[in-house]
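Here's a quick walk through one protein model, from the whole chain down to single residues. Have a look at the sequence and the fold before reading on.

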Amino acid sequence: MKVKVCIGTPCHLMGAQNLVSALEKYKSKHEVELKIEAVNCLDNCNQAPAVEVAGEVYAPATPQELIEIVKSKQSSKK
Ligand code: FES
């Protein structure tokens, strides 16, 4: 599954790095196939930080919410 994390200035200021860290941690702990990509904008700057999980944009996202979204996408894929 592909996850894009926006690291543009507004998203960076609103904690995008925490989203990346949460994803990296989840990925290594659960050995899941996640392709994490940093992008410069997801057109949701006014709701930073923004992420895109399997083609759907979520903003604003907290690390906890992001992991829940990833989990639910994974279980719906099975
Ligand atoms: S900078 Fe993150 S959505 Fe635009």
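How much area does the protein chain expose, and what share of it do carbon and sulfur atoms supply? The exposed area comes to about 4,800 Å², and carbon and sulfur supply 49% of it. Keep in mind that this is a predicted model.

**The chain as a whole**

The protein chain has three helices and four strands. Read from the N terminus, the order is β-α-α-β-β-β-α. The radius of gyration is 11 Å, close to the 12 Å that the globule rule gives for 78 residues, so the chain is as compact as a globular protein of that length. If you want a box for it, the C-alpha atoms fill one of roughly 35 × 20 × 20 Å along the principal axes.

Of the 78 residues, 40% count as buried. As for contacts, take those between residues at least 6 apart in sequence: 63% of them join residues at least 24 apart. On the charge side, there are 10 positive and 9 negative side chains, and the centres of the two sets lie 5 Å apart.

**Cysteines**

How many disulfides does the structure hold? The count is zero. Two cysteines are worth a look anyway: C6 counts as buried because its relative accessibility is 2%, under the 20% cut-off. C11 counts as buried too, with a relative accessibility of 2%.

**Two residues from the early part of the fold**

K4 is found in strand β1, which covers residues 2-6. At 22% relative accessibility, K4 counts as partly exposed, because that value falls between the 20% and 50% cut-offs. Leaving out residues up to four places away in sequence, K4 touches E37, V39, L42, A50, V51 and E52. The pairing with E52 is a nice case of sequence versus space: K4 and E52 are 48 residues apart along the chain, yet their C-alpha atoms are 4.9 Å apart.

T9 sits in helix α1, residues 9-13. T9 counts as exposed, since its relative accessibility of 57% is over 50%. Take E65 as a partner for T9: the two are 56 residues apart in sequence and 21 Å apart in space, C-alpha to C-alpha.

**Helix α3: two buried polar names**

Helix α3 spans residues 63-77. K73 is found there, and so is Q74. Is K73 buried or exposed? K73 counts as buried, because 15% relative accessibility is under the 20% cut-off. Q74 is buried as well, with a relative accessible area of 17%.

Which residues does each of them touch, once neighbours within four places in sequence are set aside? For K73 the contacts are M1, V53, A54, E56 and Y58. For Q74 they are M1, Y26 and V32. M1 turns up in both lists. Another pair to check is K73 and L34, which are 39 residues apart in sequence and 11 Å apart in space, C-alpha to C-alpha.

**Backbone oddities**

Most residues other than glycine have a negative phi, and most peptide bonds are trans. Here are the places in this model to check against that background.

| Site | Backbone feature | Location |
|---|---|---|
| A48 and P49 | cis peptide bond, omega about 0° | P49: loop between β2 (35-39) and β3 (51-53) |
| A59 to P60 | cis peptide bond, omega near -5° | P60: loop between β4 (56-58) and α3 (63-77) |
| E31 | positive phi, near 45° | loop between α2 (16-30) and β2 |
| A54 | positive phi, near 45° | loop between β3 and β4 |

How do the two positive-phi residues compare in accessibility, exposed or partly exposed? E31 is exposed, with a relative accessible area of 72%. A54 is partly exposed, at 45%. A54 has already come up above, as one of the residues in contact with K73.

Note on methods:
Residues numbered from 1 in each chain as written. Predicted model: local features only at pLDDT ≥ 70, side-chain atom pairs only at ≥ 80, totals over all residues. Heavy atoms only, no water. Disulfide = S-S within 2.5 Å. Buried < 20%, exposed > 50% of the residue type's maximum accessible area, 1.4 Å probe, protein only. Rg over C-alpha atoms; globule rule 2.2 N^0.38 Å. Contact = heavy atoms within 4.5 Å. Areas by Shrake-Rupley, 256 points an atom, 1.4 Å probe, with all protein chains shown as cover. Lys, Arg positive; Asp, Glu negative; His and termini not counted. Charge placed at Lys NZ, Arg CZ, Asp CG, Glu CD.
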